[in-house]
Amino acid sequence: MSQPSNKPSLTPQFCFNETALRDFLRLSRVAIDDSIIQNLNALIIPARAGFDPSSTAERQTQTSRRRAIDSQACQGFKENVLFQSWQTRSDVLNYCAGVAVNPEDPDLIAREAESAKDRERVVDERLDPYSGRFFPREARTESLANLIRNERGVEGIIRSRSWGLVTERCGDASVGWEEALNKWRAAQEERRDYGLG
């Protein structure tokens, strides 16, 4: 069974490195959410009686015939793997969203001085085809904010899909993923308050 991703060291440089940020999110999603069916199948206890060849005599098309997963195993997977992974990604996205709003970017002063100097240049693109580098580009904070907004949308879709598969295999479809995650967060906070976690 997959393990949740370790949280990277959160710095403004990590957030502004969009490749590193996207890679972290992609790898975390691949490890848990993209392989959710395999992770859930790993929770099933193998048959004690061994393989029965007659079980392959007819095609099994109904999902209700799938073997149920032990409720304790499901709960452990949700609490120790799924929610932990989701929380790590939420923490990273929330931190980077804060950086996009209030950057503590060490390169900011140097870039502002350079962009002021570049704005003063009079450039004719016909004479210098590389002059596009001197035209104002989207600010890094705006680019980061757009990335975070897009990744949050992707997170919502992925979590909804994963939660649908978890509730299908484990039961308890009475709550949505947001409510289940919020209950888990509250339990984690309570454990921290009492020094249990």
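Reader: Which cysteine forms a disulfide with Cys15, and how many Å apart are their sulfur atoms?

Author: Happy to start there; this is a predicted model, in which local features need pLDDT of at least 70 and side-chain atom pairs count only at pLDDT 80 or more, while totals for chains, interfaces and linings use all residues. Residues are numbered from 1 along each chain as its sequence is written, and side-chain values use heavy atoms, with hydrogens and water left out. A disulfide here is a pair of cysteine sulfur atoms within 2.5 Å. The partner of Cys15 is Cys96, and their sulfur atoms are apart by 2.0 Å.

Reader: Thanks! What is the handedness of the disulfide of Cys15 and Cys96?

Author: The sign of the torsion about the S-S bond is the thing to look at, and for Cys15 and Cys96 the torsion is about -80°. The disulfide of Cys15 and Cys96 is therefore left-handed.

Reader: How many residues apart in sequence are the parts that Cys15 and Cys96 tie together?

Author: Helices are DSSP runs of H or I with at least four residues, strands are runs of E with at least two, and both are numbered from the N terminus. Cys15 lies in helix α1 and Cys96 in helix α4. The pair therefore ties together parts whose separation in sequence, in residues, is 81.

Reader: Are Cys74 and Cys170 buried or exposed?

Author: These two form a disulfide as well, with sulfur atoms 1.9 Å apart. The pair links distant parts of the chain, Cys74 in helix α4 and Cys170 in helix α6, 96 residues apart. By relative accessible area, buried means under 20%, exposed over 50%, and partly exposed in between (1.4 Å probe, protein chains only). Cys74 and Cys170 are both buried.

Reader: What is the pairing of the bonded cysteines, numbered in sequence order?

Author: The chain has two disulfides by the distance rule. One joins Cys15 and Cys96, and the other joins Cys74 and Cys170. In sequence order, the pairing is 1-3, 2-4.

Reader: Let's turn to α2: how many Å should helix α2 span?

Author: The expected span of a helix is 1.5 Å times one less than its number of residues. Helix α2 covers residues 18–31, which is 14 residues, and its end C-alpha atoms are 20 Å apart. That agrees with the expected value, which is 20 Å.

Reader: Which helices do the buried residues of α2 pack against?

Author: The buried residues in α2 are Leu21, Phe24, Leu25, Ser28 and Arg29. They cover an arc of only 125° around the axis, which puts them on the same side of α2; the arc is that of the directions from the helix axis to the C-beta atoms. With contact meaning heavy atoms within 4.5 Å, the buried residues of α2 pack against α1 (12–16), α4 (71–101) and α6 (140–170).

Reader: Which residues is Gln87 in contact with, leaving aside its neighbours within four places in sequence?

Author: Gln87 is found in helix α4 and counts as buried because its relative accessibility is 17%. Beyond those neighbours, the residues in contact with Gln87 are Trp184 and Arg185.

Reader: One last residue: how many Å separate the C-alpha atoms of Gly98 and Pro12?

Author: Gly98 is placed in helix α4, and at 36% relative accessibility Gly98 counts as partly exposed. Gly98 and Pro12 are 86 residues apart along the chain. The separation of their C-alpha atoms is 9.4 Å.
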